[in-house]
Amino acid sequence: MLLLGIFIGLGLSICLWLWHTIQFHRYFGRFDYSKRKSFILGWRHKFARLRERQHCLEQQLLSLQNLLENAPLGYLQVDEENQLLWCNQKARQMLSLEKWQPGQVRLLVEVVRSYELDRLVEKTRDRHFSQEKEWVFHPSCENAEAMLEQKSVVLRATGLPLPQGQVGVFLENRQQLLEMSQARDRAFSDLAHELRTPLTSMRLVVETLQD
């Protein structure tokens, strides 16, 4: 019975193919040679334009990838299932992703153990609008010794909704700006302290002279 069904299906397929071939020849038989030639040339021009358009789109995509790869900001992109599709060199440095290689598709939370980043991606996808988040990121390591050497950094992330449920995230390292702000505050505090001491002495002298 199985072989009979296969032969019947094969026979029907051959009959269908023959019918389409006959219809195709009948259709082109209505045209003379000049019309056939112009018809074929028209389709060739259309295919040539499509190939040219495809080549232009591929070049644009390559240019965008090179731009993002060499951008001063970190960038990563996840699909609708929160799987990491791609990230540039700057993002790999910020998130300590030395072992991740382009082409590997893994869950973002497995690669980057950050609840804040994962939550930002979900919020961006749900609200269909750009979202921002700043937090202290603690890089994960395989052993305790390397974890002690790793320093926490302050990151600011901006999530952007993309088609088909994908999300793009731009990352900015705010640690240097935070340290500069803290150094400035310490400098102002030290300056105020240094000025307060002589001013206090002068005030005591003035009060003595007044007496």
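These legends go with a set of close-up views of one predicted model.

**View 1. The whole chain, helix by helix and strand by strand.** Start with the overall layout of this predicted protein: seven helices and six strands. Walk along the sequence and you meet them in the order α-α-β-β-α-β-α-α-β-α-β-β-α. Of the 211 residues, 19% are buried. The accessible surface adds up to about 16,400 Å², and carbon and sulfur atoms account for 60% of that. If you count contacts with a separation of 6 or more, 43% come from residues 24 or more positions apart.

**View 2. The largest nonpolar core.** Here we zoom in on a set of 23 residues that forms the largest nonpolar core. The residues with the most contacts inside this core are L76, L95, L108, V112, L117, V169 and L171. Plenty of elements chip in: on the strand side, strand 1 (74-78), strand 2 (83-87), strand 4 (131-137), strand 5 (153-161) and strand 6 (167-173) each give at least two residues. On the helix side, helix 3 (89-94), helix 4 (108-111) and helix 5 (115-127) each do likewise. As background, nonpolar side chains tend to be buried together in soluble globular proteins.

**View 3. L117 and its partners.** Now pick out one residue of that core, L117. Which residues does L117 touch once its neighbours within four places in sequence are set aside? The list runs L76, L108, V112, W135, V169 and L171. Of these partners, L76, L108, V112, V169 and L171 are also among the residues with the most contacts inside the core.

**View 4. A salt bridge inside helix 5.** The structure has four salt bridges, and this view shows the one between the side chains of R125 and E122, at 3.7 Å from N to O. Both residues sit in helix 5, three residues apart, which is about one turn of the helix. Buried or partly exposed: where do the two partners fall? R125 is buried, because its relative accessible area is 15% and the cut-off is under 20%. E122 has a relative accessible area of 26%, so it counts as partly exposed.

**View 5. E134 and its two arginine partners.** Next up is E134, in strand 4. Its salt bridge with R156 has the closest N and O atoms 3.0 Å apart. R156 lies in strand 5, so this pair ties together parts that are 22 residues apart in sequence. E134 also forms a salt bridge with R174, and there the closest N and O atoms are 3.9 Å apart. That second pair links distant parts of the chain, since R174 sits in the loop between strand 6 and helix 7 (175-210), 40 residues apart from E134. Both R156, at 27% relative accessibility, and E134, at 41%, are partly exposed. Widen the view a little and you get a network of salt bridges linking E134, R156, E172 and R174. In general, side chains of opposite charge can pair when their charged atoms come close.

**View 6. A nonpolar patch on the surface.** The last close-up shows I14, W17 and L18, which together make a nonpolar surface patch of about 330 Å². L18 belongs to helix 1 (residues 2-29). With a relative accessible area of 41%, L18 is partly exposed.

Definitions and conventions:
Residues numbered from 1 in each chain as written. Predicted model: local features only at pLDDT ≥ 70, side-chain atom pairs only at ≥ 80, totals over all residues. Heavy atoms only, no water. Helix = DSSP H or I, 4+ residues; strand = E, 2+ residues; numbered from the N terminus. Buried < 20%, exposed > 50% of the residue type's maximum accessible area, 1.4 Å probe, protein only. Contact = heavy atoms within 4.5 Å. Areas by Shrake-Rupley, 256 points an atom, 1.4 Å probe, with all protein chains shown as cover. Core = buried A, V, L, I, M, F, W, Y, C linked by side-chain atoms within 4.5 Å. Patch = residues over 30% accessible without salt bridge, like charges linked within 9 Å, V, L, I, M, F, W, Y side chains within 5 Å.
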